[in-house]
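Please open the structure in a viewer and keep the sequence at hand. The tour below proposes one selection after another and states what is to be found at each.

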Amino acid sequence: MDSQSTDTLGTALVESGFAPSLGLLDINTSLSVPHGFEMPAPWNLPSRMFRFPIEVCCPEGERPRKLGLRHPLLADHPYVRHVEAALGFEIDRNGAPNRHGYSSGPTARWWHAVDLVSAGKWRDLLATREFTERACIMNAVTFGCRYSRYDDKKAAGYITTAEAREIMREIGATEPGERGRAIRSFSAPMVCRQEKGAEHWPINTGRQCAEDAAWGMIFGIEDGWFRYDRSGFLQWSVLGRERYAAGESATYTQASGQTAFAF
């Protein structure tokens, strides 16, 4: 890594107050919007992309330190404009990939989707969907159905299935016709036992594409294949495990030993 005396950009960032030190700049690999910096809508949304819009590539060997935006549309971000005005040059709109070609831009697109769904601002996500990707939004739907807020007494997911359906409809997703088959395309239910003997039946979507996983999650909740535990984590229900084991059969055997129709 270059010495501080030759890392002119890093030194300028520290001297301008954009980073507390070169060491922390290398650890954070980004410039963050300071608390109290005025941010009008939509830039004030609780998205890590908006909070950390500029990625920093550390200097290495003959490669100097670089700055880049985590999304080209962040060029209009108030803090980005502030940093550019202070440094006197335009920050690369295409990110700051390292010598291996890796940039945090794709990860930031996921942040934007999952952060807004987790914050209950899925409508704002749809309004700012140009900052993310369709697959990221679908994966965020799966995440929002799978987990709940820690302070949610109902423990019923970050989003409801009705909200999940509206998101999927807005991004042009096509609902599959066979609900049971969509759920059974997930990995087979397998129990996880904790040290105290408590059982948990995690839902593994396997190698499903983002759209299929999201629909399977919605169907599973609506049809009772999945249920939330007391902590708000979604898992396979007894009904779901029985239905999965029955496969395409028109009937299945309940835990009580009775035969039931699979519809």
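Begin by selecting Gly157, which counts as buried because its relative accessibility is 8%, below the 20% limit for that class. The model shown is a predicted one. Gly157 has its place in the loop between α7 and α8. Display the surroundings of Gly157: leaving out residues up to four places away in sequence, Gly157 touches Gly144, Cys145, Tyr147, Ser148, Asp152 and Tyr228. A distance may then be drawn from Gly157 to Ile171, C-alpha to C-alpha; 14 residues separate the two in sequence, and 21 Å separate them in space.

Proceed next to helix α8, residues 161-170. Which residues of α8 are buried? They are Thr161, Ala164, Arg165, Ile167 and Met168. These residues lie on the same side of α8, because the arc they cover around the axis is only 160 degrees. Ala162 and Arg169, on the other side of α8, are exposed. To see what covers the buried residues of α8, add further helices to the selection, including α6 (122-127), α7 (134-146), α9 (179-184) and α10 (210-222). Just after α8, select Gly172, where phi is positive, at about 80 degrees.

Met168 also leads to the next stop, the largest nonpolar core. This core has 62 residues, and Met168 is among those with the most contacts inside it, together with Leu31, Val141, Phe226 and Trp236. Select Trp236 and show what surrounds it. Beyond four places in sequence, Trp236 touches Ile183, Phe186, Ser187, Pro189, Trp201, Pro202, Ile203, Trp225, Phe226, Arg241 and Tyr244.

The largest pocket comes next, with a volume of about 160 Å³. Select its lining: Gln194, Ala198, Glu199, His200, Asp229, Arg230, Ser231, Phe233 and Gln235. Coloured by class, this lining shows 2 nonpolar, 4 polar and 3 charged residues.

Move now to helix α1, residues 8-15, in which Leu9, Gly10, Thr11 and Leu13 are buried. Among the elements covering these buried residues are α2, β1, β3 (66-69) and α4. Just after α1, Gly17 has a positive phi of about 85 degrees.

Two details of the backbone follow. Most residues other than glycine have a negative phi, and most peptide bonds are trans. Select Thr29, in the loop between α2 (22-28) and β1. Thr29 is not a glycine, yet its phi is positive, near 50 degrees. With a relative accessible area of 31%, Thr29 is partly exposed. Then select Ala41 and Pro42, which are joined by a cis peptide bond with omega at about 0 degrees. Pro42 lies in the loop between β1 (30-31) and α3 (48-51).

The last stop is Asn94, in the loop between α4 (78-87) and α5 (105-118). Is Asn94 buried or exposed? Its relative accessibility is 64%, so Asn94 counts as exposed, the limit for that class being over 50%. Apart from neighbours within four places in sequence, Asn94 is in contact with Leu69 and Pro72. To finish, draw the C-alpha to C-alpha distance from Asn94 to Leu73: the two are 21 residues apart in sequence and 9.9 Å apart in space.

Terms used
Residues are numbered from 1 along each chain as its sequence is written. This is a predicted model: local features need pLDDT of at least 70, side-chain atom pairs count only at pLDDT 80 or more; totals for chains, interfaces and linings use all residues. Side-chain values use heavy atoms; hydrogens and water are left out. A nonpolar core is a set of buried Ala, Val, Leu, Ile, Met, Phe, Trp, Tyr and Cys residues joined through side-chain atoms within 4.5 Å. Buried means under 20% relative accessible area, exposed over 50%, partly exposed in between (1.4 Å probe, protein chains only). Contact means heavy atoms within 4.5 Å. On a 1 Å grid over the protein atoms alone, a cavity is a set of points where a 1.4 Å probe fits but cannot get out, and a pocket is an open set with protein on both sides within 12 Å along at least five of seven lines; lining residues have an atom within 4 Å of a point. Grid points are joined across faces, edges and corners, and a volume is the space filled by probe spheres set on the points. Ala, Val, Leu, Ile, Met, Phe, Trp, Tyr, Cys and Pro count as nonpolar, Asp, Glu, Lys and Arg as charged, and the others, Gly among them, as polar. Helices (H or I, at least four residues) and strands (E, at least two) are DSSP runs, numbered from the N terminus. The arc is that of the directions from the helix axis to the C-beta atoms.
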